[in-house]
Amino acid sequence: MNIFFEIWHWLWALFGCSFNLLLVYVAVFKTPKAIRSYATLIINFAITDFLECFLDWFTQLRLIPTPGDISLTYIANGPCQYINPFSCKLGISLLLHCLPHAVWSLLLSFGYRYYILHHSALSRMTLFKILLLIYIPSLFQGATYWSTLATKEQILPLAKKWFPDYQLETGVITGIVDTTNWVAAYGISHICLPIFPVYTSIFIFRRKIIKHLEENTQMMSSDTRAAHAQLLKALTFQALVPAFLGVSVICYILSQTGLVVSPILEYAIFSSFILMPTLSPFTYLCFVRPYRQFFMRVIRRSMFLPTRPIESSTKAARFDSGGQVSHFTNTGTAIC
């Protein structure tokens with residue numbers, strides 16, 4: 001079973017790191033002027049997701065909650081085990097601090113898309129300051145959570161007490177002896193609690209954006225309506241991505257409460273999460289036209305296929321950050 005999940009982490013992490021690095025490149029060098037401010041949020045997504053994929057590969061975690069008890073056991077089966085236990089602890093802490101930041105960033109993305117339907121786009125510096133503000137809770141978590149992780153000598157007796165049949169001799173074993181410790185409780189709560197209200201808020205913003213676009217569809221040209229249809233597809237895809245983190249949280253709750261006790265569920269907590277940062281970049285690589293054109297050229301070249309000339313539009317809708325129609329010109333860049 002361990003081999004299967006090791007291959008799983010290697011493959012998804014490799015794909016995720018590659019696609020997120022590609023997204024950083026196109027967001028920095030291929031972003032049209034019309035969505036340059038929104039590219040700040042795209043770059044934030046790509047860097048966060050890249051770190052999640054890299055740290056998932058580096059640690060390859062199995063989480064063993066103790067039903068009815070206040071302890072947690074982490075088993076790191078990734079390359080960090082060949083360095084030292086502290087590197088695994090630090091990797092775990094950094095990985096876990098990325099999860100809530102990705103969720104808060106996604107909420108900011110949807111909130112900003114709704115905001116610019118009624119207001120002018122914010123500057124890149126303003127968006128950067130907002131990102132720093134919402135990063136503070138995650139930064140505090142990342143800076144403190146590692147200090148709660150116990151040594152193998154402290155956590156192994158507790159794990160064997162509750163799971164005497166488990167083979168716990170491979171990988172780096174660490175964990176939390178007392179989850180009621182305020183630092184541990186803050187970290188766990190910050191990961192688990194926001195996902196469901198944030199997910200609800202995302203769908204509320206998505207519905208409001210769709211309603212606004214539908215109400216104004218008669219005022220749009222055929223090109224603009226087609227572009228907005230692509231935007232709605234992007235919104236739908238992006239709204240579904242956090243579901244993988246929701247699956248991880250549900251697996252953790254089922255294990256912690258003792259409703260389901262299974263090694264597969266323990267592996268699945270982090271194995272299902274890795275799909276979120278791996279698939280997230282496709283929201284932009286597939287639905288933002290300049291990014292998609294560059295992405296398809298990369299795919300064709302990697303498959304030794306002839307590249308197609310970039311299609312030019314003589315009458316395209318021009319969008320401001322996040323898909324807001326700002327104005328129309330005879331020549332422009334169709335985003336989404």
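Helices (H or I, at least four residues) and strands (E, at least two) are taken here as DSSP runs, numbered from the N terminus. The model is predicted, so local features need pLDDT of at least 70 and side-chain atom pairs count only at pLDDT 80 or more, while totals for chains, interfaces and linings use all residues. Residues are numbered from 1 along each chain as its sequence is written, and side-chain values use heavy atoms, with hydrogens and water left out.

The chain holds 13 helices and 5 strands. The unreviewed UniProt entry lists residues 7-29, 94-115, 127-146, 183-205, 235-255 and 267-287 under "transmembrane region"; such annotations, given in the numbering used here and with shortened feature names, may be inferred rather than shown by experiment. Residues 7-29 are 100% helix and 0% strand, with 33 Å between the end C-alpha atoms. For residues 267-287, the corresponding distance is 32 Å, and the span is 76% helix and 0% strand.

Of the 336 residues, 51% count as buried (under 20% relative accessible area, with over 50% exposed and partly exposed in between; 1.4 Å probe, protein chains only). The largest nonpolar core (buried Ala, Val, Leu, Ile, Met, Phe, Trp, Tyr and Cys residues joined through side-chain atoms within 4.5 Å) has 68 residues, and those with the most contacts inside it are Leu23, Tyr74, Leu96, Phe270, Tyr284 and Tyr291. Helix 3 (residues 85-115) gives the most to this core, contributing 13 residues. Apart from it lies another core, of 9 residues, including Ile64 and Ile155.

A closer look at helix 10 is rewarding. This helix covers residues 263-273 and includes Ser271, which is buried at a relative accessible area of 3%. A polar atom of the Ser271 side chain lies 2.8 Å from the backbone oxygen of Tyr267. With neighbours within four places in sequence left aside, Ser271 is in contact (heavy atoms within 4.5 Å) with Phe5, Trp8 and His9. On the same basis, Phe270 touches His9, Asp56, Leu61, Leu63, Tyr74, Leu95 and Leu96.

The whole structure contains 1 salt bridge (a side-chain nitrogen of Lys or Arg within 4 Å of a carboxyl oxygen of Asp or Glu). It joins the side chains of Arg62 and Glu266, at 2.8 Å from N to O. Arg62 lies in strand 1 (residues 61-65) and Glu266 in helix 10, so the pair ties together parts that are 204 residues apart in sequence. Both partners are buried: Arg62 has 7% relative accessibility, and Glu266 has a relative accessible area of 2%.

Technical notes
Polar contact = N/O pair within 3.5 Å; in protein donor to acceptor, adjacent residues only side chain to side chain.
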